[in-house]
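Colleague: I am new to this one, so could you walk me through it?
Modeller: Gladly! Have a look first, and then ask away.

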Amino acid sequence: MQYATLNNGVKMPLNGYGVFQIPDLQEAEESVLTAIKAGYRLIDTAAVYMNEAAVGNAIKKSDVPREELFITSKFWVNDTGYKATKAAYERTLERMQLDYLDLYLIHQPYGDVYGSWRALQELYKEGEIRAIGVSNFHSDRLVDLAMHNEITPHVNQIEVNPFLQREESLKVHQEYDVTVQAWAPFAQGKNGLFTNELLAEIAKKYNKSVGQVVLRWLTQRGISALAKSVNEDRIAQNFDIWDFELSADDMSAIATLDTDTSSFFSHRDPEIVKKFGSNKIQG
Ligand SMILES: NC(=O)c1ccc[n+]([C@@H]2O[C@H](COP(=O)([O-])OP(=O)(O)OC[C@H]3O[C@@H](n4cnc5c(N)ncnc54)[C@H](OP(=O)(O)O)[C@@H]3O)[C@@H](O)[C@H]2O)c1
């Protein structure tokens with residue numbers, strides 16, 4: 001397994017397991033246990049996924065010591081603001097039966113994120129959280145937050161996949177030494193990702209699956225990748241990406257798939273902002 005070193009020196013596994021859209025708590029718990037057995041050490045959840053408790057149960061049942069795991073959660077838009085964020089963190093720890101998180105993120109760039117950031121900075125400085133960050137922040141919002149606060153986010157979790165490669169955005173993250181973490185590395189299978197001809201051809205060459213090629217492509221770019229699966233074989237397969245390396249030519253070929261377009265929606269679309277603000281989109 002390879003790691004990213006965050007701008008505060010904390011090491012974070014490059015490939016992680018995510019539990020978005022696993023509402024069945026039994027299934028979420030079993031899947032996390034399967035992922036830990038397969039070798040995953042980074043587990044990503046969020047208050048809005050409604051399965052933090054299941055993740056906590058799996059952590060408790062696993063025989064891997066807590067300090068070897070890297071646990072991330074996020075708070076939702078309705079918990080932005082200084083006081084609300086501190087209270088949300090307490091609730092998350094309680095649901096997960098944990099004393100601390102390795103990474104706590106502002107889930108969306110909406111609401112009083114500056115108040116939230118003051119709360120996160122305090123929790124971080126008090127040693128309550130090992131790293132703090134944001135999610136779904138476009139580079140302009142990230143720079144603004146970094147420039148007007150003491151602590152620059154350690155991580156920004158954003159959509160990155162072969163159809164949305166974020167080359168320009170990566171340069172800004174590098175300038176501020178913010179580690180990029182990819183959500184929906186497979187675009188949740190949209191736009192024919194798993195049957196894409198070019199990816200399938202490359203996968204065949206290395207005797208790997210399209211999923212493995214995508215995860216390897218991300219991590220070779222220094223991007224931490226979160227993959228979700230509830231299938232035991234695919235969970236194991238998605239972790240098994242460290243015994244091959246994509247050539248420079250294959251990396252360049254994958255670069256041609258970029259459409260610079262989200263497979264879901266734009267976080268800058270006012271209609272989307274309205275939906276998030278009124279809780280009509282969750283996750
Ligand atoms: N911060 C945010 O706003 C945000 C947003 C979305 C996601 N996330 C995080 O990122 C994680 C990953 O993103 P995601 O869950 O949206 O989507 P994803 O990982 O891109 O795609 C998951 C889908 O791909 C399938 N799949 C997984 N591995 C496969 C493989 N090797 N071959 C074929 N199909 C495969 C899964 O089906 P099976 O389960 O049946 O295998 C599932 O339908 C989430 O779980 C969450 O932790 C964060």
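What follows is a short set of questions and answers about this predicted model.

Colleague: Let us begin with the ligand: which helix gives the most to the shell around the ligand?
Modeller: The ligand is surrounded by 28 residues, and the closest are Gly18, Trp183, Gly211, Lys228 and Ser229. At least two residues of the shell come from each of β10 (224-227) and α9 (232-239). The element that gives the most, with 3 residues, is α9.

Colleague: How many residues of that shell are charged?
Modeller: The shell holds 11 nonpolar residues and 14 polar ones. The charged residues in the shell around the ligand number 3.

Colleague: How does α8 pass α9, in a left-handed or a right-handed crossing?
Modeller: These two helices pack at an angle of about 35°, and their axes are 9 Å apart. In their contact, Gly211, Gln212 and Leu215 of α8 meet Arg234, Gln237 and Asn238 of α9. Those residues divide into 1 nonpolar, 4 polar and 1 charged. As for the hand, the crossing of α8 and α9 is right-handed.

Colleague: How are α2 and α3 oriented to each other?
Modeller: The axes of α2 (residues 52-61) and α3 (residues 82-96) come within 7 Å and cross at roughly 50°. Angles from 35 to 65 degrees fall outside both the roughly parallel and the roughly perpendicular ranges. The two helices, α2 and α3, are therefore oblique.

Colleague: Which residues of α3 do Glu52, Ala53, Val55 and Gly56 in α2 meet?
Modeller: The residues of this contact divide into 3 nonpolar, 2 polar and 2 charged. On the α3 side, the partners are Thr92, Arg95 and Met96.

Colleague: Now a backbone detail: is Arg166 buried or exposed?
Modeller: Arg166 sits in the loop between β8 (155-159) and α6 (167-175). Its phi is near 65°, a positive value in a residue other than glycine. Most residues other than glycine have a negative phi. Because Arg166 has 21 other C-beta atoms within 10 Å, and 20 or more is the cut-off, Arg166 is buried.

Colleague: And Asn207, is that residue buried or exposed?
Modeller: Asn207 lies in the loop between α7 (197-206) and α8 (210-220). Asn207 also has a positive phi, of about 60°, although it is not a glycine. With 8 other C-beta atoms within 10 Å, and 12 or fewer as the cut-off, Asn207 is exposed.

Terms used: Residues numbered from 1 in each chain as written. Predicted model: local features only at pLDDT ≥ 70, side-chain atom pairs only at ≥ 80, totals over all residues. Helix = DSSP H or I, 4+ residues; strand = E, 2+ residues; numbered from the N terminus. Near = placed C-beta within 6 Å. Nonpolar A, V, L, I, M, F, W, Y, C, P; charged D, E, K, R; others polar. Axes fitted to C-alpha atoms, helices over the stretch in contact; angles between N-to-C directions. Parallel < 35°, antiparallel > 145°, perpendicular 65-115°, else oblique. Contact = placed C-beta atoms within 7 Å. Left-handed = near helix turned anticlockwise from the far one by under 90°.
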